[in-house]
Amino acid sequence: MASVTISNIKKDYGALSIIDGLDLSIEDGQFVVLLGPSGCGKSTLLRMIAGLEPITSGEIAIGDRVVNTLHPKDRNIAMVFQNYALYAHMTVFDNMAFSMQLKKRPNEEIKQKVGWAASILNLTPYLERYPRQLSGGQRQRVAMGRAIVRDPTVFLFDEPLSNLDAKLRVQMRTEIKELHQRLKTTTVYVTHDQIEAMTMADVIVIMRDGRIEQIGRPLDVYDHPANLFVASFIGSPAMNMLHGEVASERDAWVVRTDELSLPLPPGAAVRPGQKVIYGIRPEHLRPVANGRGIPARITVVEPTGPEIHIFASLGNTAICSVLHDRMEVSPGAVIHLEPAPERIHLFDQGSGERLDKGRS
Amino acid sequence: MESSRAQTIARDVLAILVVAIFMFPIAWWALSSIKPYSAIFDRSGPVYTGFTPTPDNYRVTLLGVSRVDIGMEQGGEAAGVIKGGASSYDSRQSLLDSAIIAVGSTALTLLLATLAAYCLSRMQFSGQQSFLFWILSQRFMPPIAIVIPIVFMFRDLGLRDTYTGLILVHSLINLPLAVLLLKSFFDDVPREVDEAALIDGATRWQTFRRVVLPMVKGGIAATAVLCFIFSWTEFLLSLFLTTSIRTVPVKISTFVTSTATEWGYITALGTSAIIPSFIFILLVQRHLVRGLTLGSLKE
């Protein structure tokens with residue numbers, strides 16, 4: 001087990017810069033998720049840690065050892081790929097034993113290690129099968145087994161669950177998390193799925209265009225997104241964003257939009273006339289009785305079972321509310337919604353940065 | 001889409017018809033090889049069944065029995081005049097020559113082509129696209145255009161009329177196709193498999209030899225079949241580059257003599273020549289079907 005320290009790392013493909021001066025330090029035993037839309041450089045970063053992608057400049061250290069020029073096999077890492085990348089012509093046993101066979105470990109040790117990994121991953125009955133005879137989830141487990149038999153210092157996962165169906169994905173998510181709790185190996189996990197990131201990570205690293213937008217614990221990132229990008233990327237349905245201008249009304253700050261004025265909590269770090277974006281998560285927009293709140297016309301109602309998603313229009317702005325209680329609502333009707341004032345997020349319209357960063 | 005019973009029948013009938021059209025020449029060839037001379041040249045029309053099958057054509061071509069001896073068995077006029085002697089229709093050496101050259105050139109082609117194809121599939125180097133086009137361009141030229149220079153070069157190098165010479169030439173002609181074909185099979189193996197092996201501690205060579213190569217077995221088998229068949233049936237270069245070594249196609253051409261065309265021997269040797277290719281294909285067939293469809297199927 002080891003920490004991973006990435007300092008001022010850069011990656012260019014010719015004139016194209018993929019990652020431009022990124023710093024990240026991952027503590028020993030942490031489960032870190034790199035999250036971001038496709039093309040944000042998260043997979044490239046992972047592949048640079050693995051040694052599969054050369055580094056343009058900067059430094060990557062695993063433990064105390066700078067690994068910039070080390071061959072992948074000398075970094076003592078293990079990687080699980082999106083498409084499993086199993087050796088199709090080898091049995092499950094041989095797939096897992098391959099790395100130890102290459103190191104010419106004694107047969108007894110190989111058998112014992114593979115047996116141990118197989119029992120953790122419930123693969124014992126399948127050791128003599130070939131990958132093509134296994135289901136998607138089992139293949140994924142073989143890929144993980146191949147990784148854990150080696151006792152690596154760092155686990156690297158590159159979108160390992162995106163080829164699985166939804167139900168299996170939830171199950172494997174739990175299995176990977178359990179595995180980490182059991183082995184406590186430093187893990188770097190790449191995904192574009194925010195639910196995976198939220199549920200599995202000790203620390204989420206949100207990336208865009210080769211830069212880190214925010215690093216934090218899942219709930220901190222959710223509750224205090226550092227900027228507009230993070231706020232809109234994390235959370236589903238996405239956060240409501242209302243453009244407006246700060247004004248003073250009856251001794252209190254409000255945000256005036258085209259249609260309405262939204263009260264701000266006391267002590268908000270704003271100045272009058274400031275152009276801001278008023279963000280409120282759908283679940284913090286609750287229905288209230290007539291005469292209060294924001295009147296909005298319902299356009300679509302989506303019951304999901306535990307929740308009801310209500311999409312409504314506010315003049316030209318679409319907003320969304322998530323209700324946890326059953327409620328008779330139908331499209332076309334007017335619903336009154338009230339934001340929970342302590343749950344609002346304010347962002348600067350120009351920079352997109354969060355305005356009360358210091359307080360969070 | 002469900003097809004009706006009538007459609008199914010129509011499709012089957014059509015399939016049988018098409019197969020029959022393709023099979024007929026081969027069947028006729030095989031049939032002629034067991035006909036006596038008189039049945040091959042019956043003036044009243046094609047003979048399908050009305051003859052007594054005879055192994056004589058095979059005995060002459062495959063067992064080296066002299067046609068004179070066969071004539072004597074039948075109490076012919078030549079009895080007592082000439083006995084035995086080597087038959088110029090004895091083709092056993094030709095079958096051996098062809099086998100050595102076909103197996104040799106297939107092995108050499110595969111050895112070079114797998115290595116080249118793996119590099120072209122996995123590694124980046126400048127001029128890669130031009131190099132690929134250059135490989136393909138080797139097929140643009142008809143073999144007749146290179147025959148004369150090769151004859152002179154081989155004479156100077158001492159390669160004329162040698163197994164090595166013909167193996168080299170057949171390999172050269174097969175290489176472009178083999179490289180391009182195998183490259184497409186290597187391309188079908190995800191790069192991540194190589195990367196997983198590299199992380200597992202394999203060197204480049206171990207990755208190639210122990211991981212990727214076994215995964216393209218089907219492609220190698222398919223390529224091997226094509227190379228083998230080409231070499232087995234190649235006529236032009238074999239004719240020009242050899243004198244004492246006679247591959248089967250060249251040997252068959254000598255059965256057309258100034259006095260007669262020995263259809264019986266031609267069909268017997270021709271039918272026999274199909275068999276090695278057939279056996280070879282049967283051996284690799286298990287991989288062949290998978291190999292030919294590997295690229296189009298997603299896991």
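The structure holds 19 salt bridges over all chains. It is a predicted model. One of the salt bridges joins A:R141 to A:E175, and another links B:E195 to A:R47. Chain B and chain A bury about 1800 Å² between them.

**Interface of chain B and chain A**

- On the chain B side, 18 residues are in contact with 24 residues of chain A.
- Of the area buried between chain B and chain A, 63% is on carbon and sulfur atoms.
- B:I199, B:D200 and B:R210 lose the most area to chain A within chain B. Together they account for 38% of what that side buries.
- Two salt bridges are found across this interface.
- B:E195 pairs with A:R47 in a salt bridge, and their closest N and O atoms are 2.7 Å apart.

**A salt bridge within chain A**

- In the salt bridge of A:R141 with A:E175, the closest N and O atoms lie 3.1 Å apart.
- This pair links distant parts of the chain, with the two positions 34 residues apart in numbering.
- A:R141 sits in helix α4 (residues 136-148) of chain A. A:E175 belongs to helix α5 (residues 166-183) of chain A.

**Domains of chain B**

- The domain assignment splits chain B into domain 1 (5-88) and domain 2 (91-249 + 279-292).
- Taken over C-alpha atoms, the centres of domain 1 and domain 2 of chain B are 35 Å apart.

**Helix packing in chain B**

- Helix α5 (residues 92-122) of chain B packs with helix α10 (residues 204-215) of chain B at an angle of about 105°. Their axes are 12 Å apart.
- Angles of 65 to 115 degrees count as roughly perpendicular, so α5(B) is roughly perpendicular to α10(B).
- From α5(B), the residues in this contact are B:T114, B:L115, B:Y118 and B:R122.
- They meet B:R204, B:W205, B:T207, B:F208, B:V212 and B:L213 of α10(B).
- By class, the contact of α5(B) with α10(B) has six nonpolar residues, two polar and two charged.

**Backbone features in loops of chain A**

- A:S236 and A:P237 are joined by a cis peptide bond, with omega about -5°.
- A:P237 is placed in the loop between α8 (228-233) and β11 (240-249) of chain A.
- A:A85 has a phi near 50°, a positive value in a residue other than glycine.
- The loop that holds A:A85 runs between β6 (77-80) and α2 (92-102) of chain A.

Notes. Residues are numbered from 1 along each chain as its sequence is written. Chains are lettered from A and ligands numbered from 1 in the order in which they are written. This is a predicted model: local features need pLDDT of at least 70, side-chain atom pairs count only at pLDDT 80 or more; totals for chains, interfaces and linings use all residues. Side-chain values use heavy atoms; hydrogens and water are left out. Axes are lines fitted to C-alpha atoms, for helices over the stretch in contact, and angles run from 0 to 180 degrees between N-to-C directions. Helices (H or I, at least four residues) and strands (E, at least two) are DSSP runs, numbered from the N terminus. Angles under 35 degrees count as roughly parallel, over 145 as roughly antiparallel, 65 to 115 as roughly perpendicular and the rest as oblique. Contact means heavy atoms within 4.5 Å. Ala, Val, Leu, Ile, Met, Phe, Trp, Tyr, Cys and Pro count as nonpolar, Asp, Glu, Lys and Arg as charged, and the others, Gly among them, as polar. Domain bounds come from an automatic or database domain assignment. Buried area is the accessible area (1.4 Å probe) that two parts lose on being put together, summed over both. A salt bridge is a side-chain nitrogen of Lys or Arg within 4 Å of a carboxyl oxygen of Asp or Glu.
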